[in-house]
Amino acid sequence: MGLGAETHFKINNKLHLTVAARLDYFFNSTLKGHDTSCSPDDDNVNPRNDNENDDAQFTFKDANKAINQPSLMPRLMFGLLYQL
């Protein structure tokens, strides 16, 4: 899901500067890989154990942190629009 805005600045009759800004939000979803899956509600399939922490099972929070998945992503674009 995202929200954004775009504007155009006239440079001359055929050339415009385009500026766009956007903010995207990503919902948590099941992470899958290596014969296991981790869900946001921690209903995990074939979870792995953390050998360094008393064999506690890895959770969705651990997997999400490991892949550095963003929840919010800003985007900024500058461009030129040439009209033929």
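This report walks through the fold, the helix and a few individual residues of the chain shown above.

**Overall shape**

Please keep in mind that the model is predicted. The chain holds one helix and seven strands, and along the sequence these elements come in the order β-β-β-β-β-β-α-β. The radius of gyration is 22 Å, whereas a compact globule of 84 residues would have one near 12 Å. In keeping with this topic of dimensions, the C-alpha atoms fill a box of roughly 70 × 20 × 20 Å along the principal axes.

Burial and surface come next. Of the 84 residues, 18% count as buried. The chain exposes about 7000 Å², and 54% of that area is supplied by carbon and sulfur atoms. As for charge, there are 8 positive and 11 negative charges, and their mean positions lie 20 Å apart. Among the contacts with a separation of 6 or more, 45% are made by residues 24 or more positions apart.

**The helix and its two sides**

Helix H1 spans residues 60-67, and its buried residues are Phe60, Ala63 and Asn64. Why do these residues sit on the same side of H1? They cover an arc of only 100° around the axis, which places them together on that side. The general geometry of helices helps here: with 3.6 residues a turn in an α-helix, residues three or four places apart point the same way.

What do the buried residues of H1 pack against? Their partners are strand E3 (31-33) and strand E4 (36-38). The face turned away from the buried side carries the exposed residues Lys61, Lys65 and Ala66. Just after the helix comes Asn68, with a positive phi near 55°.

**Two residues of strand E2**

Strand E2 covers residues 15-25 and includes Val19; His16 lies in E2 as well. Is His16 buried or exposed? His16 counts as buried because its relative accessibility is 15%, and the cut-off for buried is under 20%.

Leaving aside residues up to four places away in sequence, His16 touches Phe9, Lys10 and Ile11, along with Gly79, Leu80, Leu81 and Gln83. With that same exclusion, Val19 touches Ala5, Glu6, Thr7 and Phe9, as well as Met77 and Phe78. Val19 and Leu80 are 61 residues apart along the chain, yet their C-alpha atoms are separated by 8.8 Å.

**Positive phi angles in the loops**

Most residues other than glycine have a negative phi. Asp35 is not a glycine, but its phi is positive, at about 65°. Asp35 is found in the loop between E3 and E4, the strands that the buried residues of H1 pack against. Asp42 also has a positive phi without being a glycine, at about 60°, and its place is in the loop between E4 and strand E5 (49-50).

How exposed are these two loop residues? The table puts their backbone angles and accessible areas side by side.

| Residue | Phi | Relative accessible area | Class |
|---|---|---|---|
| Asp35 | about 65° | 62% | exposed |
| Asp42 | about 60° | 41% | partly exposed |

Asp35 counts as exposed because its 62% is over the 50% cut-off. Asp42, at 41%, is partly exposed because that value falls between the 20% and 50% limits.

Conventions. Residues numbered from 1 in each chain as written. Predicted model: local features only at pLDDT ≥ 70, side-chain atom pairs only at ≥ 80, totals over all residues. Heavy atoms only, no water. Helix = DSSP H or I, 4+ residues; strand = E, 2+ residues; numbered from the N terminus. Rg over C-alpha atoms; globule rule 2.2 N^0.38 Å. Buried < 20%, exposed > 50% of the residue type's maximum accessible area, 1.4 Å probe, protein only. Contact = heavy atoms within 4.5 Å. Areas by Shrake-Rupley, 256 points an atom, 1.4 Å probe, with all protein chains shown as cover. Lys, Arg positive; Asp, Glu negative; His and termini not counted. Charge placed at Lys NZ, Arg CZ, Asp CG, Glu CD. Arc of directions from axis to C-beta.
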